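Work through the exercises below with the coordinates open. Each task is followed by a stepwise solution.

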Amino acid sequence: MVIVGAGPAGLLLSHLLALAEIESTVLECRSRDQIETTVRAGILEADTVRLLTETGASTRVLRDGARHDGIELRFNGEGHRVDFMGLTGHGVWLYPQHEVLKDLLSTRLEQGQDIRFGVTVTAVHDGDRPQVRATDTDGSELRLECDFVVGADGSHSAVRKAVTGSATSGHFREYPFAWFGILCEAPPSAAELIYSNSEHGFALISQRSPTVQRMYLQCDPELDPEAMSDDLVWEELQRRVAPHPLSTGPIFQRDVLRFRSFVASSLHRGHVALVGDAAHTVPPTGAKGMNLAVADVLVLARALRALLLDGNATAINRYEQDVLPRIWKAQHFSWWMTQMLHRTPDASEFDRLRQHGELSSVVESEAGRRYLAEAYTGWPRPTDEALAVV
Ligand code: PHB
């Protein structure tokens, strides 16, 4: 097996395959340091945590992560709690994705996984023995032959073309805004995450640890993250969640996250398949990205076991059909949360008041809150069957 990409999807796949004694080589264009320090979203579904802990991929999440049993939706100056635990019997875990990556990387490397950093894939040729061509950090050519190739190489996937026929073929939606994200040294401003719809634009108050907060402001996609002074950032965040007081402190990291929805036109062809962001991208509202990647990986790992160990291609031929329903549910949920909470540049008073109507319908109805809670905490997945390998 060749797995392109050492993100959560690629590393988790290599881990599940190794448990079934299927060997893989992981190719990653970035350095280990780069992948471990890229700041990403921080919410894991309970099933994601169960999979990570029960397969021995990460147990640190139970020690260093924090369970959150609900979120607050704010609009019109008021907060409304959505009680995940009461509505679904599940919470979610706040544990940053780069910590998951660190755990997966050290587990895989300790177990002797072949991971090649700084290797850029240039072409994938499908066939009975597919071939992967790549260049090393020093520019030397690499050619690998294998039984199956998986593209777990993110939204700019180099593998996608071998599956869809083009690097961009699929279903897209762009958004006229982005998130300006900060990390700051200050204790959490609230026990749970706050998603706030305000007339000044969306804000999300999240956290990383008892001493570090992660916060986001809706912004123009072209915003230079260094352009706003710390004071201006705090002023803007505060007025978007008012009257809830924010705890403030030195800002030590700033970034801008682009928004996009995308599903590739196909996810499998011959001996090549796509998982995670290579197959689909969601906007970050609702934190579905990594959880969706993990759900793909479970289905794909099971299909590859049947194919490579038993010569049975039924499951791999059903892979796309099996994962697409969840992908489109997550696409819808991420889009829905995004459009309900953000302010588009051309929004009228009608649009603003209609959003309040929509938010009121959600928070005032148990069915509305339950719908949100089920999607946020994650729809049931075939975890037990897939875990049968352990
Ligand atoms: C985060 O903490 O980075 C985070 C949390 C929830 C989201 C997105 C990002 O919906």
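**Exercise 1.** How many residues surround the ligand, and which are the closest?

*Solution.* This is a predicted model: local features need pLDDT of at least 70, side-chain atom pairs count only at pLDDT 80 or more, and totals for chains, interfaces and linings use all residues. Residues are numbered from 1 along each chain as its sequence is written, and side-chain values use heavy atoms, without hydrogens and water.
- Step 1: take residues with a heavy atom within 4 Å of the ligand.
- Step 2: count them; 15 residues surround the ligand.
- Step 3: the closest are Tyr195, Ser206, Arg208, Tyr216 and Gly286.

**Exercise 2.** Sort the shell around the ligand by residue class and by strand.

*Solution.*
- Step 1: the shell holds nine nonpolar, four polar and two charged residues. Here Ala, Val, Leu, Ile, Met, Phe, Trp, Tyr, Cys and Pro count as nonpolar, Asp, Glu, Lys and Arg as charged, and the others, Gly among them, as polar.
- Step 2: β15 (203-209) and β16 (212-219) each supply at least two shell residues. Strands are DSSP E runs of at least two residues, numbered from the N terminus.
- Step 3: β15 gives the largest share, three residues.

**Exercise 3.** List polar contacts (N or O pairs within 3.5 Å) to oxygen atoms of the ligand.

*Solution.*
- Step 1: a side-chain N or O atom of Arg208 is 2.7 Å from a ligand oxygen.
- Step 2: for a polar side-chain atom of Tyr216, the distance to a ligand oxygen is 2.5 Å.
- Step 3: Ala287 uses a backbone N or O atom, 3.3 Å from a ligand oxygen.
- Step 4: check the cover. Alone, the ligand exposes 280 Å² (Shrake-Rupley, 1.4 Å probe), and the protein buries 100% of that.

Key:
Polar contact = N/O pair within 3.5 Å; in protein donor to acceptor, adjacent residues only side chain to side chain. Helix = DSSP H or I, 4+ residues; strand = E, 2+ residues; numbered from the N terminus.
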